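Me: I have a fold open on my screen and would love to talk through a few of its residues with you. Shall we take a look together?

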Amino acid sequence: MNWLRTNRTGGKARQRNVKENGEVILKELIECCDGKYNPIKNFSSDQIIKATDNFSQSNRASRIDIYYRCYKGILDDRPVLIKKGKYTLDTKEICRDIAISSMVSGHKNFLKLLGCCLEFTPPVLVFEYAEIITLGPLITSNPRNMRRIKIAREVANALTYLHTAFSRAFIHSNLDHFTIFLDGNGIAKLGNFCNCVSIPEGEVFVHDDALKKYHDFRTNTLKQTHGLGVCYLPVIDPEYKSTGKVTTKTDMHSFGAFMLALVQVKEVDDELSMSSDMLRALAELFIKPHDDALLPLHHHVSKILRKFGYAEVMDSDMGNVAASPVKEFFRLALRCIGCKLGDPLISMIQVAKELRAIEKSTYGITDEL
């Protein structure tokens, strides 16, 4: 009779989890979405366990995980990405991710939430399948789809939507390449909204201490992965670091750092071709501690550009002089992280438009926002 007692106990625990998790999700949906959201399907724990082969290592979708362990599985006859929260995440953070994901799932540049399983604590999330972009020094996980200007533009489109599509701006606040995915068609998808915060209507900032906590945790976690993808230099918005204020520029600064991470990938395509020595110097920003790490990120990048013959990229009087895509890309990344070059950037809308122009000059094509 022990098996029966165990099943009954397990059943009661799952029912309690569904009730408690459901209450937290409802609060987040009301707070974030005013109760308006896309449908969220509830999967059973049996379905999740079967789809992941009981969260088997062979089903892991990524070598590196910060907040989630990601698994590839099949549900309803379609491939899915299943995200299981690690012990570092509390239920409220994961429920915030569910709420925001449901709110933006209709946009093509966000990871599409299919549903969740509330029987686990914390809940398990189910998305349309896409692969995590794992950028390390001079490598990439999916070379055939790594058209970097296009990826940058699509992520900029997602941030623009997050900042402008709702009655108040939502700030992702922990953007990096571990929160960005590529689907089978090479379309970039933004995900992971555990630390997403909203700025009250009529305000331009909100105080929040989660970002620094996340950054410190991320760095400590990635140090255990032999340096793959670690950026030892400060990628937190300097304004946030000094004031604790989260603004739209918090995401812009992180996005600029992401652009620089894209640049240091080697031999993916020719759109941003440069010397291997230059690539290696950029890659070292992401894998080696520096004695002068307290200096802003653009200081280190500027020094590398000058060293390898890209000094004109730093010329604030460059104006409308025609430049190669790589130099335009660099200048935009530097402006995002706070370097005073040309007109100041005031929004992600402006960043997305400039990336469209760079993409058009490179490929002769462009996509709608």
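Me: Leaving aside its neighbours within four places in sequence, which residues is Arg 78 in contact with?
Reply: Happy to help, and bear in mind that this is a predicted model. Arg 78 is found in strand S3, residues 78-85. Once neighbours within four places in sequence are set aside, its contacts are Gly 73, Leu 114 and Glu 128.

Me: Which side chain is joined to that of Arg 78 by a polar contact of 3.0 Å?
Reply: Arg 78 has Gly 73, Leu 114 and Glu 128 among its contacts. The polar contact of 3.0 Å links the side chain of Arg 78 to that of Glu 128.

Me: Is Arg 78 buried, partly exposed or exposed?
Reply: The relative accessible area of Arg 78 is 34%. Buried would need under 20% and exposed over 50%, so Arg 78 is partly exposed.

Me: What about the loop before that strand: is Asp 77 buried or exposed?
Reply: Asp 77 sits in the loop between S2 and S3, and it has a positive phi of about 65° although it is not a glycine. Its relative accessibility is 79%. The cut-off for exposed is over 50%, so Asp 77 counts as exposed.

Me: In what order do the strands of the open sheet lie?
Reply: The sheet has 5 strands with mixed pairing. Its edge strands are S1 (41-42) and S2 (68-75), each pairing on one side only. The order is S1-S4-S5-S3-S2.

Methods
Residues numbered from 1 in each chain as written. Predicted model: local features only at pLDDT ≥ 70, side-chain atom pairs only at ≥ 80, totals over all residues. Heavy atoms only, no water. Pairing = 2+ DSSP bridges. Helix = DSSP H or I, 4+ residues; strand = E, 2+ residues; numbered from the N terminus. Buried < 20%, exposed > 50% of the residue type's maximum accessible area, 1.4 Å probe, protein only. Contact = heavy atoms within 4.5 Å. Polar contact = N/O pair within 3.5 Å; in protein donor to acceptor, adjacent residues only side chain to side chain.
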